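Here's a quick briefing to read with the model open beside you. Start with the overall picture, then go through the helices and the backbone spots worth a look.

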Amino acid sequence: MNIEIARASLEAVLFAGGEPMEISRLAQALEMDEETVTRLAALLGESYDTSGSALQLIQLGTSYQITTRAEFAEPIRRALEIKRNTPLSNAAMEVLTIIAYNQPVTKGFVERVRGVDSSSTVNTLVERGLLEEAGRIEVPGRPVTYRTTTQFLRCFGLQSLADLPPLPNAEEPTMFDLSVEEALAAANENTADMEETIAEETDNLETVEAE
């Protein structure tokens, strides 16, 4: 493999991963030995340093991660704050509804119910503190499951998930026993009410944070 392509491959894997990745895991993904990965990492880090890039490659023990440089922290913070205060989209409300009533569930389950890719929406809800990872399912691929957070309860004025409005014609459904049709119907029926509630609670939350 050409060294430039190999370096770009390492960059792509680290960028897509987003988190620190062990050298051994990188070596496995790139189908090369760990020594080669270490050399490529040095080249990648050097290219960021010499090009004036806002990105940098850091080493954390035996792991590597691509991050932004400290001098760009303020504009990044402002951009994330703007995103955090943006009202939830209809797609986000639908995803949140599906997960709230069927948790813990995987992205795959949400996508099967909605019929469209939902990875970006789930990630956005995680960033906003409304969803969190809830472990992995012991099946091939060990997919991550997601559940709602205490922030979710706070935004909707709930003390616990038991306070969620009951689903029509369903008793405590889970991702394993709720049909796609039932989940989608439930999501559509409850989205309007949840949108109104989260809009009100978001205004209250912003007022508290401002104080």
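Helices here are DSSP runs of H or I with at least four residues, numbered from the N terminus. With that in hand, here's one place to look: right after H6 comes Gly115, and its phi is positive, near 85°. Keep in mind that this is a predicted model.

**The chain as a whole**
- The protein chain has 9 helices and 6 strands.
- Of its 211 residues, 36% are buried.
- Take the contacts in the chain with a separation of 6 or more: 54% of them link residues 24 or more positions apart.
- About 12,500 Å² of the protein chain is exposed, and carbon and sulfur atoms supply 52% of that.

**H2 against H3**
- Helix H2 (residues 23-30) packs on helix H3 (residues 34-51) at an angle of about 100°, and the two axes are 9 Å apart.
- Angles of 65 to 115 degrees count as roughly perpendicular, so H2 is roughly perpendicular to H3.
- On the H2 side, the contact uses Ile23, Ser24, Leu26, Ala27 and Leu30; on the H3 side, they meet Glu34, Val37 and Thr38.
- Sorted by class, the residues of this H2 and H3 contact come out as 5 nonpolar, 2 polar and 1 charged.

**The loop between H2 and H3**
- Glu31 sits in the loop between H2 and H3.
- Glu31 isn't a glycine, yet its phi is positive, about 55°.
- That deserves a second glance because most residues other than glycine have a negative phi.
- Is Glu31 buried or exposed? Its relative accessibility is 75%, so Glu31 counts as exposed.

**H5 against H7**
- The axes of helix H5 (residues 90-102) and helix H7 (residues 119-127) come within 10 Å of each other and cross at roughly 80°.
- That crossing makes H5 roughly perpendicular to H7.
- From H5, the residues in the contact are Ala91, Ala92, Val95 and Leu96, and they meet Thr121, Val122 and Leu125 in H7.
- By class, the H5 and H7 contact has 6 nonpolar residues, 1 polar residue and no charged ones.
- Leu96 is in helix H5, and at 0% relative accessibility it counts as buried.
- Leu96 and Leu130 are 34 residues apart along the chain, and their C-alpha atoms are separated by 8.1 Å.

**Pro104, after H5**
- Pro104 belongs to the loop between H5 and strand E4 (105-106).
- The peptide bond joining Gln103 and Pro104 is cis, with omega at about -5°.
- For context, most peptide bonds are trans.
- How accessible is Pro104, and what does it count as? With 40% relative accessibility, Pro104 counts as partly exposed.
- Pro104 and Thr145 are 41 residues apart in sequence, but C-alpha to C-alpha they are 5.5 Å apart in space.

**H6 and what follows**
- Which residues of helix H6 (residues 107-114) are buried? They are Phe109, Val110, Val113 and Arg114.
- These four cover an arc of only 125° around the axis, so they lie on the same side of H6.
- Past the end of H6 you're back at Gly115, the glycine with the positive phi.

How values were computed: Residues are numbered from 1 along each chain as its sequence is written. This is a predicted model: local features need pLDDT of at least 70, side-chain atom pairs count only at pLDDT 80 or more; totals for chains, interfaces and linings use all residues. Side-chain values use heavy atoms; hydrogens and water are left out. Axes are lines fitted to C-alpha atoms, for helices over the stretch in contact, and angles run from 0 to 180 degrees between N-to-C directions. Helices (H or I, at least four residues) and strands (E, at least two) are DSSP runs, numbered from the N terminus. Angles under 35 degrees count as roughly parallel, over 145 as roughly antiparallel, 65 to 115 as roughly perpendicular and the rest as oblique. Contact means heavy atoms within 4.5 Å. Ala, Val, Leu, Ile, Met, Phe, Trp, Tyr, Cys and Pro count as nonpolar, Asp, Glu, Lys and Arg as charged, and the others, Gly among them, as polar. Buried means under 20% relative accessible area, exposed over 50%, partly exposed in between (1.4 Å probe, protein chains only). The arc is that of the directions from the helix axis to the C-beta atoms. Accessible areas come from the Shrake-Rupley method with a 1.4 Å probe; for residues, only the protein chains shown count as cover.
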